[in-house]
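Q: I'm new to this one and would like to learn how to read it. Can we go through it feature by feature?

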Amino acid sequence: MKKVLALCIITLFAAGFVAAQNSSLQEPNPENVGADSAMAALREVSIDKFEREGSWNVHISADDGIISGRLFEGNPAMKEPLAEDEGKEDEDTQVLGVKVEFFRRGKNSFTIKSARPIAIEGTTKTVSVWVCGRNQDHELYLLVQDYFGSSFELYMGSLGFSGWKKLTCVIPPSPDGEHGIVQSSAYYGDKPGLKVVGFRVDCNPMQARGSYYMYFDDLRAVTDLYDMENHDEDDMADNW
């Protein structure tokens with residue numbers, strides 16, 4: 001009887017562990033990121049749709065290879081438009097393509113950066129982008145600047161998949177408003193707290209050879225606009 005009881009306990013524990021693992025594989029829930037108050041107004045907003053030629057720059061070390069970037073006609077079939085973009089599908093027809101020609105295998109990396117950092121209003125919870133990764137185990141990082149201009153890199157995921165996939169990363173909240181990624185401060189006026197600088201791809205040394213192609217589309221953020229939407233009309237903005 002004791003053996004049966006012990007076996008049942010072990011089985012339940014294993015099932016709970018597997019469930020916990022599966023739940024961690026789900027897309028991050030913005031409502032749970034830094035949820036310390038019921039006062040929140042979460043909105044999904046567009047950061048960039050990769051529609052303007054020359055607005056993104058690509059770079060790789062001259063010792064590692066040659067890189068080029070350009071726009072192509074296309075769209076992820078599973079992408080859902082934002083509510084304010086419904087009926088404007090003809091304005092979102094381009095994707096950003098990046099081609100890397102490696103000289104040799106090695107610990108290579110390359111960057112895709114906006115011509116200027118893109119500010120996100122409110123308190124950003126998550127950032128997402130659609131990526132076509134060509135099923136190679138390179139790793140994608142998001143490059144951001146916080147309220148004070150400090151630079152951070154956030155892991156978005158492996159590019160070891162075929163076709164289009166939406167990759168999402170969480171913006172970890174600052175524990176005290178001074179350390180980590182700080183998005184607001186009562187001491188330095190009112191301005192957007194987070195800026196997207198671009199992306200970095202760290203290459204798998206065994207697969208960094210020949211030519212590699214990847215594509216980006218629809219960079220978005222989920223941000224908390226509570227303070228902005230509840231700002232009194234007669235209250236001045238501290239941005240001068």
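Q: Among contacts between residues at least 6 apart in sequence, what percentage join residues at least 24 apart?
A: This is a predicted model, and in its chain that share is 81%.

Q: Which elements does the chain have, and in what order do they run?
A: Counting comes before ordering here. There are two helices and eleven strands. Reading from the N terminus, you meet α-β-β-β-β-β-β-β-β-β-β-β-α.

Q: How do I read the confidence values, and what is the mean pLDDT of the chain?
A: pLDDT is the predictor's confidence in each residue, on a scale from 0 to 100. The chain averages 84, with 79% of its residues at 70 or more. Take care with residues 1-25, though: pLDDT stays under 50 there, and the model gives that stretch zero contacts beyond four places in sequence.

Q: What share of the chain is buried?
A: A residue is called buried when its relative accessible area is under 20%. Of the 240 residues in the chain, 37% are buried. As for the outside, the accessible surface comes to about 14,600 Å², and carbon and sulfur atoms account for 52% of that.

Q: Which residues touch the most other members of the largest nonpolar core?
A: That core holds 39 residues, and the ones touching the most other members are Phe 110, Leu 140, Leu 142, Phe 199 and Phe 216. Strand S11 (residues 211-224) supplies the largest share of the core, five residues.

Q: Let's zoom in on one of them. What is Leu 140 in contact with, leaving aside its neighbours within four places in sequence?
A: Its partners include Val 129, Val 131, Leu 154, Met 156, Leu 167 and Val 201. Phe 199 and Phe 216 are also in contact with Leu 140, and both are on that list of core residues touching the most other members.

Q: How many disulfides does a search of the whole structure find?
A: Zero. If you want to look at cysteines anyway, Cys 169 is buried at 3% relative accessible area, and Cys 203 is buried at 8%.

Q: What about phi angles: which sign do most residues other than glycine have?
A: Negative, for most of them. Now look at the loop between strand S6 (123-132) and strand S7 (139-145), where Arg 134 lies. Arg 134 has a positive phi of about 60° and is partly exposed, at 41% relative accessible area. Asn 135 is in the loop between S6 and S7 too. Its phi is positive as well, near 55°, and Asn 135 is partly exposed at 44%.

Technical notes. Residues numbered from 1 in each chain as written. Predicted model: local features only at pLDDT ≥ 70, side-chain atom pairs only at ≥ 80, totals over all residues. Heavy atoms only, no water. Core = buried A, V, L, I, M, F, W, Y, C linked by side-chain atoms within 4.5 Å. Buried < 20%, exposed > 50% of the residue type's maximum accessible area, 1.4 Å probe, protein only. Helix = DSSP H or I, 4+ residues; strand = E, 2+ residues; numbered from the N terminus. Contact = heavy atoms within 4.5 Å. Disulfide = S-S within 2.5 Å. Areas by Shrake-Rupley, 256 points an atom, 1.4 Å probe, with all protein chains shown as cover.
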